[in-house]
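User: Please take a close look at the salt bridges in this model. Which side chains pair, and how buried or exposed are the partners?

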Amino acid sequence: MAITRILSLAFQAAALVVTASAASAQELRPWMPSEIGQAWSLGYEGQKTSITVIDDFRSSYGIQGNLRGQTELLRHGEWTALEAGMMAPSAKVHTQDFTNTKAVKLRKGLNTLNLSYGMIGPEGYSSIRWSAREASIIKYAGDGKAVVVKAAGNDGIAVGATNAAGEVDYLNRDLIGKKSAIFVGALSAHGTVGRPASLAWYSNTAGSDPTAQNQFLVVGVTGDKTGLYGTSFAAPIVSGYAAVLGSKFKKANATQITNQLLNTARTDTIQGYSVDLHGRGEANISRALAPVKIK
C-alpha cells in the first residue's frame with residue numbers, strides 16, 4: 001500500500017562512509033538543549049532503559065552532518081540512533097532496519113521506540129494491513145508498553161492531514177489517540193523565555209484535533225549547527241528525554257513517562273505559542289525530572 005518516507009530534509013545520495021566511533025558519554029554539544037547537561041549532572045543518563053530506532057541502516061544513501069565535532073557521512077538511521085544515544089549516553093540503543101518487517105522486540109525495563117519515518121500513501125484508504133513491525137508499534141503505543149516517539153513530518157500540515165500531493169502518513173493517523181505515543185515537531189532553535197523559538201517552516205503541526213494536540217511536543221532542531229534538518233532529528237531528542245526520565249523514575253511505565261513529558265512541556269519558550277501549531281509545547285527535561293515521583 002504505502003511507501004516508507006524518511007522524515008528528513010537533508011537526505012541525499014552519496015558514497016557512504018561507515019559509522020565512526022561511539023559518542024563520548026556526557027559531552028554537551030552545541031546542538032543539544034542545555035537542560036540535558038543538568039540531567040546528566042544529577043546522574044540521569046538513561047541507565048537500564050532501551051531505545052530502539054527503526055530506520056535505514058543498510059542503504060547506499062548518506063547524509064553529511066556534524067553531531068560530535070566533525071563532519072561525517074552516515075545513513076539516516078545511523079544519525080538518528082547516534083543522536084538518541086548521545087542524548088541518553090547510558091541507555092541501550094538497539095536498531096531495526098526497514099528491511100526487517102518483523103515485530104519490534106521489547107527489552108527488559110523502559111522501552112522507547114524512535115520512528116523518524118512515515119508510512120505514506122494516497123488519501124482514501126479506510127484501513128491499512130500493517131506488517132508485523134508497524135502492527136506491533138501501534139499495539140505497544142495503545143497498550144502503554146513502550147514510549148513511541150514519532151517524527152511529525154515535514155509537509156507543514158497537521159498530523160494526519162493530507163499533504164499537497166494528496167498523500168497521508170497513515171502511521172501518524174493510526175497513532176493518534178494511542179496512550180504512550182508522542183508526535184514531535186521541530187522548532188528552529190531551542191527556546192528560552194528571553195529568546196523564544198519559532199516553529200520550523202517545514203514542521204508538521206498539532207492541528208485542530210484535541211486528541212492529537214494532547215500528544216504533540218516540539219523541540220529545537222539546530223540544523224545551522226549540525227547540517228541535519230527535519231522532524232527526523234526532533235524525535236531522537238524526545239526519545240533521549242524518555243530514557244533519561246526512565247533512569248530516575250525506575251518503576252514508571254511507558255504511559256507515565258509519556259504523560260510526564262507531555263505535562264511538563266513549556267509554552268513560554270515558544271514565539272506565538274498556539275495549541276494548533278505546537279500542541280503541549282516545548283519538551284523540557286529539567287521540568288520533567290523535577291518531581292520526587294510521578295503517577
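Analyst: What follows goes through the salt bridges one pair at a time. This is a predicted model, in which local features need pLDDT of at least 70 and side-chain atom pairs count only at pLDDT 80 or more, while totals for chains, interfaces and linings use all residues. Residues are numbered from 1 along each chain as its sequence is written, and side-chain values use heavy atoms, with hydrogens and water left out.

The structure holds eight salt bridges (a side-chain nitrogen of Lys or Arg within 4 Å of a carboxyl oxygen of Asp or Glu). Side chains of opposite charge can pair when their charged atoms come close.

One of the eight joins Arg173 to Glu123, at 2.8 Å from N to O. This pair links distant parts of the chain, 50 residues apart: Arg173 lies in helix H4 (residues 170–175), and Glu123 in the loop between strand E8 (117–122) and helix H3 (132–143). Helices (H or I, at least four residues) and strands (E, at least two) are DSSP runs, numbered from the N terminus. Arg173 is partly exposed at 28% relative accessibility, and Glu123 is partly exposed at 38%. Here buried means under 20% relative accessible area, exposed over 50%, and partly exposed in between (1.4 Å probe, protein chains only).

In another salt bridge, Glu134 pairs with Arg133, with 2.8 Å between the closest N and O atoms. Glu134 is buried at 1% relative accessibility, and Arg133 is buried at 3%.

Glu27 and Arg29 also form a salt bridge, their closest N and O atoms 3.2 Å apart. Glu27 is partly exposed, at 31% relative accessible area, whereas Arg29 counts as buried at 15%.
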